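Trainee: Could you take me through one helix of this model in some detail? I'd like to know what it packs against and how its faces are used.

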Amino acid sequence: MIPVQNRRSPGAAPQGRKSSSAAPQGRKSSSVSPQGRKTGSVSPQNKQSSGRSSQKRQAKSAPSQNRQKRPAGKAAPAARQSRGNSSPQRRVRRPASARRRRNRIRRLISLAALIVMFILCAVLLVSGIRRFFKGKDTVPPVIRLDHREDYVVMPWQDYEEEGFSASDDRDGDLTDQVSRTVMEDRICYKVSDSAGNESVLYRDIPYDTSYKEKTGRDFPEIKIDDPDAKGKIVYLTFDDGPSSYTEELLETLDRYGVKVTFFVTGAFPAYEDMIKKEDAAGNSVGIHTLTHDFEKIYSDDKAFWKDIDQMQEIVQRQTGHTTNLMRFAGGSSNSISANYTPGIMTLLTEQAQQKGFQYFDWNISSGDGGAEGDMDMVIRNITSNLPNQDTCVVLCHDTKEYTVNAMKYLIPWLLDHGYDIRPLQFDSEPAHHGVQN
Ligand SMILES: [Zn+2]
């Protein structure tokens, strides 16, 4: 700190020194001149000075000027000295250190600006070089299509976009600029990059073709005007199983998250354990009959209840609990029973309710109870009768392959049209036919 100040003081000091050194000369010359005047001619001194008479004259006139200036010149060093003596040196240093700090900040700012400029230039240069070497953009954008596993469009459904994206090597993501046109059996995706390179991609709509593969026919055209479809309750019920087709039906139900009702029998002991699966999946299990032998079960009420109790044991063994749901073989309105015991249905329906059962009939039949039938028939019979019922109790048999296959189409159709598929409960709509024997 101090050496720096010393270095600077010579710069300021010379002026002070000059004036102070000029002052004595001025004094001398002024003291000489009176002598010169006294003697009249002081030759040696005059000789010495005579050569520089003009200089002396200047010197003579100079003192007066110097004298006037001197006090100011003298006062400055004096003031400086007095300041230096009386106040601490810090006062002098402070402005200098502030100046240095300011200078340092200025230097740092200009250095930072230089660095930023340099980086900008470098980036521009590199991108320019890249463009130069890349040349003209001739690469079109790339369109990618998403596809959902197992997604198929049922004949009555519209295609639901599975997703797409588009990107370009120079323009980046162009998904927002993709134009999409839906055609009869496919969708066209189009996009262009900023250089005008166009990409076009087609997607075949994944229409379900299994119906035609199975039946050789197109899916039946269903034209139903059911204004109450939304929220209308449909109880799908399956009798006479479980059978070899029951597991497949359970898979379909699981796929759509739908629960139904099974009125079970002992007709196929090998599939008895399906009762457990039906119950575990949240479906309702009711008793149909163990033997389904009309002659035997409708011979008298004891034989009937013996048959029902045996089936109840199987249900309990499989599900861990008994059931209070049942459906008479042939329905409560069957007249075949009259061939064996007149009036037995009147007795049995009364006894059923006394024993704590609720028996269910149906108000829509799929028509699959006979020997002949196919998917078309099941779908048409059920869908065409839905508008006629406030609450639909639908009779089906999970012992028929075509019925189980028909459910793969009927269930999603019902759901798409707003129907509410539920399993029967004790207090559900029983759809009683009315006893005829
Ligand atoms: Zn039956």
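Mentor: Sure, let's start at the end of helix H6, where Gly 257 follows with a positive phi, near 65°. Bear in mind that this is a predicted model. H6 itself covers residues 246-256, and it belongs to a chain with 12 helices and 14 strands.

Now for the faces. Thr 246, Leu 249, Leu 250 and Leu 253 are the buried residues to look at in H6. Viewed down the helix axis, the buried residues stay within an arc of 100°, so they line one face of H6. The general background is simple: an α-helix has 3.6 residues a turn, so residues three or four places apart point the same way. Go round to the other side of H6 and you'll find Glu 251 and Arg 255 exposed.

What does the buried face sit against? The buried residues of H6 pack against three elements: strand E7 (233-239), helix H7 (274-280) and helix H12.

H12 deserves a closer look. This helix spans residues 401-416, and its axis lies 9 Å from that of H6, at an angle of about 15°. Angles under 35 degrees count as roughly parallel, and therefore that is what we call H6 and H12. Their crossing is right-handed. On the H6 side, the contact is made by Glu 248, Leu 249, Thr 252 and Tyr 256. Facing them from H12 are Val 404, Met 407, Lys 408, Ile 411, Pro 412 and Leu 415. Sorted by class, that makes seven nonpolar residues, two charged ones and one polar one. Notice Leu 249: it is on the list of buried residues in H6, and it also takes part in the contact with H12.

For a companion case, try helix H10 (residues 344-354), where Ile 344, Met 345 and Leu 348 are buried. Those residues cover an arc of only 90° around the axis, which puts them on the same side of H10. Across the helix, Glu 350, Gln 353 and Gln 354 are exposed. The partner for the buried residues of H10 is helix H9 (301-319). There's a glycine to look at here too: Gly 356, just after H10, takes a positive phi of about 90°.

To put all this in the setting of the whole chain, buried residues make up 24% of its 437 residues. Of the contacts with a separation of 6 or more, 73% are between residues 24 or more positions apart.

Technical notes: Residues numbered from 1 in each chain as written. Predicted model: local features only at pLDDT ≥ 70, side-chain atom pairs only at ≥ 80, totals over all residues. Axes fitted to C-alpha atoms, helices over the stretch in contact; angles between N-to-C directions. Helix = DSSP H or I, 4+ residues; strand = E, 2+ residues; numbered from the N terminus. Parallel < 35°, antiparallel > 145°, perpendicular 65-115°, else oblique. Left-handed = near helix turned anticlockwise from the far one by under 90°. Contact = placed C-beta atoms within 7 Å. Nonpolar A, V, L, I, M, F, W, Y, C, P; charged D, E, K, R; others polar. Buried ≥ 20, exposed ≤ 12 C-beta atoms within 10 Å, placed from the backbone. Arc of directions from axis to C-beta.
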